[in-house]
Amino acid sequence: MPWLARFDPKAMGKSVRNIALVDVSDGVAEARYRLVGSSLTRLYGSDLTGKRIADCYSGTVLAEVQAAYAKVIAERWPLYSTREFHLFGRSFGYRRLLLPLSRDGEAVTHVVLGLYPANADLVDASQWRPYEQDLATESFRNAQGYVPPANRPAKPLLRPGGPA
C-alpha cells in the first residue's frame with residue numbers, strides 16, 4: 001500500500017485542484033478533510049479543510065460517502081465510482097477515485113479523493129445548490145439509471161499481483 005509520506009500534492013500539477021486528502025485514522029465517523037483543492041472548494045461552496053465529513057453531508061449522501069470510505073479502508077484497495085443524475089433538464093454527477101494511503105504500510109490512515117464533475121460545465125456550488133433538496137429525495141435516489149453504490153459491482157483498477 002502506498003505510504004502517506006510519499007504523497008506529494010505538488011507533483012500532481014493542475015489535478016491538485018480536484019484532489020482532497022482525507023484523514024481516516026480515527027475511523028469513518030471521524031474522517032476529516034486535511035487538504036482540499038481549489039476546484040473542490042468552489043464546487044462545494046466553502047473550504048472543507050479541517051472539517052469532518054459528517055459535518056459536511058447528511059442523510060443518504062453522508063451514508064453513501066461513508067460507505068465508500070469504509071470499503072476502501074476494509075479492502076485496502078482503490079475505489080472508482082460514478083454517479084449521474086438528471087433533474088429538471090439538468091445533468092449532475094461526478095467521477096470519484098479514492099486511493100488508500102498508510103503511515104505504516106498496513107492500515108489505511110488517509111485516503112486521496114479525486115473528484116471531477118460529470119458535466120465539465122459544473123464548476124460552482126451555485127449551479128447545483130438550488131437543487132440540493134431534490135437531489136437528496138428518496139424518489140430521486142431511485143431515479144432511472146441510478147444504482148446505489150452498495151449494489152454496484154466493484155471493478156478494481158489493478159488486480160492483485162498485477163502491474164505496479
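Among contacts in the protein between residues at least 6 apart in sequence, what share join residues at least 24 apart? The share is 52%, and the views below, all taken from a predicted model, show some of the places where the chain meets itself.

**View 1. The whole protein, to get your bearings.** Five helices and five strands make up the set of elements here. Walking along the sequence, you meet them in the pattern β-β-α-α-α-β-β-β-α-α. Of the 164 residues in the protein, 35% are buried. About 9,500 Å² is exposed, with carbon and sulfur atoms supplying 54% of that area.

**View 2. Strand β1 and its two partners.** Start with β1, residues 19-23, where five of five residues are buried. I19, L21 and D23 point one way from the strand, while A20 and V22 point the other way. β1 runs antiparallel to β5 and is joined to it by five bridges; within this pairing, D23 has H110 as its bridge partner. With β2 (residues 32-36), β1 also pairs in the antiparallel sense, this time over four bridges. Look for V22 here, standing opposite Y33 of β2.

**View 3. A closer look at V22.** This residue of strand β1 has a relative accessibility of 0% and therefore counts as buried. Setting aside neighbours within four places in sequence, V22 is in contact with A31, R32, Y33, I53, Y69, T109, H110 and V111. H110 is a nice example of a distant stretch of chain coming back: V22 and H110 are 88 residues apart in sequence, yet their C-alpha atoms are 5.4 Å apart in space.

**View 4. T109, at the end of a loop.** T109 sits in the loop between β4 (90-101) and β5 (110-117). Is this loop residue buried or exposed? Its relative accessibility is 9%, so T109 counts as buried. Beyond residues up to four places away in sequence, T109 touches V22, D23, V24 and S25, and also L101, S102 and R103.

**View 5. The largest nonpolar core.** In soluble globular proteins, nonpolar side chains tend to be buried together. The largest such core in this model has 31 residues, and those with the most contacts inside it are Y33, I53, Y69, L98 and L113. At least two residues come from each of β1, β2, α1, α2, α3, β3 (79-87), β4 and β5. Helix α3 gives the largest share, five residues. Another core, of six residues, lies apart from this one, and its members include L4, F7, I19 and L101.

**View 6. Y69 and its surroundings.** Y69 is one of the residues with the most contacts inside the largest core. Not counting residues up to four places away in sequence, Y69 touches V22, V24, V28, I53, L98, V111 and L113. V22, from View 3, is therefore a familiar face here, being buried at 0% relative accessibility.

**View 7. An aromatic pair, Y44 with Y57.** The count of aromatic pairs comes to one. The ring centres of Y44 and Y57 are 5.8 Å apart and the planes meet at 80°, over the 60 degrees needed, so the pair is edge-to-face. Y44 belongs to helix α1 (residues 38-44) and Y57 to the loop between α2 (53-56) and α3 (59-75), so the pair ties together parts that are 13 residues apart in sequence. Y44 is buried, with a relative accessible area of 15%, whereas Y57 counts as partly exposed at 21% relative accessibility.

Terms used
Residues are numbered from 1 along each chain as its sequence is written. This is a predicted model: local features need pLDDT of at least 70, side-chain atom pairs count only at pLDDT 80 or more; totals for chains, interfaces and linings use all residues. Side-chain values use heavy atoms; hydrogens and water are left out. Rings of Phe, Tyr and Trp (its six-membered ring) pair if their centres lie within 6.5 Å; planes under 30 degrees apart count as stacked, over 60 as edge-to-face and the rest as tilted. Buried means under 20% relative accessible area, exposed over 50%, partly exposed in between (1.4 Å probe, protein chains only). Contact means heavy atoms within 4.5 Å. Two strands pair if DSSP finds at least two bridges between them. A nonpolar core is a set of buried Ala, Val, Leu, Ile, Met, Phe, Trp, Tyr and Cys residues joined through side-chain atoms within 4.5 Å. Accessible areas come from the Shrake-Rupley method with a 1.4 Å probe; for residues, only the protein chains shown count as cover.
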